[in-house]
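Here are my notes on the model, set out as numbered points. Please keep the structure open while reading and find each residue as it comes up.

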Amino acid sequence: MSKSFYHYLVNYRHAIIKTEISRFANAAYEDHSFPKQSKNYHEISNYLELNVHYLPSMTIFDEAWDLYVRDEQ
């Protein structure tokens, strides 16, 4: 994977149709502590579970991660 998860995710920020992933991307962009260089699922998942309140369900992260893995391979 060439891009970090964060750099992949922010591509969804300016979606014309707002989705859960685009809302996640906008919130992550505003989160200055987000692990921006990470490509590690567990590191990002742990960060989200322990530190953020803007993600209503970890399922959204899992869906975004699946897209990341699919598109970045």
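1. Start with Ser4, which is placed in the segment before α1. The model is a predicted one. With a relative accessible area of 5%, Ser4 is buried, because the cut-off for buried is under 20%. Setting aside neighbours within four places in sequence, Ser4 is in contact with Lys36, Gln37, Ser38, Lys39 and Tyr68. One of these partners, Ser38, is 34 residues away along the chain, yet the C-alpha atoms of Ser4 and Ser38 are separated by 5.4 Å.

2. Now look at Gln37, one of the contacts of Ser4. Gln37 belongs to the loop between α2 and α3. Is Gln37 buried or exposed? Its relative accessibility is 63%, so Gln37 counts as exposed. Apart from neighbours within four places in sequence, Gln37 is in contact with Ser4 and His7. Gln37 and Lys3 are 34 residues apart in sequence, and their C-alpha atoms are 8.3 Å apart in space.

3. Asp31 also deserves a look. Asp31 lies in the loop between α2 and α3, and at 11% relative accessibility it counts as buried. What does Asp31 touch, not counting residues up to four places away in sequence? The residues are Lys36, Tyr47, Val52 and Tyr54. With Tyr47 there is a polar contact of 2.7 Å between the two side chains. Gln73 is 42 residues from Asp31 in sequence, and the C-alpha to C-alpha distance between Asp31 and Gln73 is 26 Å.

4. Next, the overall layout. The secondary structure consists of four helices and zero strands, and reading along the sequence gives the pattern α-α-α-α. The radius of gyration is 11 Å, close to the 11 Å that the globule rule gives for 73 residues, so the chain is as compact as a globular protein of that length. The C-alpha trace spans about 25 × 25 × 20 Å along its principal axes. Of the 73 residues, 40% count as buried. Among contacts with a separation of 6 or more, 54% are between residues 24 or more positions apart.

5. The inside of the model comes next. In soluble globular proteins, nonpolar side chains tend to be buried together. Here the largest nonpolar core has 20 residues, and the members that touch the most other members are Phe5, Leu9, Phe24, Phe34, Leu48 and Phe61. Which helices each supply at least two residues of this core? They are α1 (5-9), α2 (20-30), α3 (41-51) and α4 (58-72). The most comes from α4, which gives five residues.

6. Leu48 is a useful core residue to follow by eye. Leaving out neighbours within four places in sequence, Leu48 is in contact with Phe24, Phe34, Tyr54, Leu55, Met58 and Phe61. Among these partners, Phe24, Phe34 and Phe61 are also in the list of core members with the most contacts to other members.

7. Helix α2 can be checked in a similar way. The buried residues in α2 are Ile21, Ser22, Phe24, Ala25, Ala27 and Ala28. What do they pack against? The buried residues of α2 pack against α1, α3 and α4.

8. Ser45 is placed in helix α3. Its relative accessible area is 7%, so Ser45 is buried. With neighbours within four places in sequence left aside, Ser45 is in contact with Met58 and Phe61. Met58 and Phe61 are also among the contacts of Leu48.

9. Charged residues come last, beginning with Glu72 in helix α4. Glu72 is buried yet has no salt bridge. The nearest side chain of opposite charge is that of Lys3, 4.3 Å away. Because a salt bridge requires a distance within 4 Å, this pair does not qualify. The side chain of Glu72 does have a polar contact of 3.1 Å with the side chain of Ser2.

10. How many salt bridges does the structure hold? There is one, and it joins the side chains of Asp71 and Arg70 at 2.8 Å, N to O. Asp71 counts as partly exposed, at 35% relative accessibility, whereas Arg70 is exposed, with a relative accessible area of 55%.

Key
Residues numbered from 1 in each chain as written. Predicted model: local features only at pLDDT ≥ 70, side-chain atom pairs only at ≥ 80, totals over all residues. Heavy atoms only, no water. Core = buried A, V, L, I, M, F, W, Y, C linked by side-chain atoms within 4.5 Å. Buried < 20%, exposed > 50% of the residue type's maximum accessible area, 1.4 Å probe, protein only. Contact = heavy atoms within 4.5 Å. Lys, Arg positive; Asp, Glu negative; His and termini not counted. Polar contact = N/O pair within 3.5 Å; in protein donor to acceptor, adjacent residues only side chain to side chain. Rg over C-alpha atoms; globule rule 2.2 N^0.38 Å.
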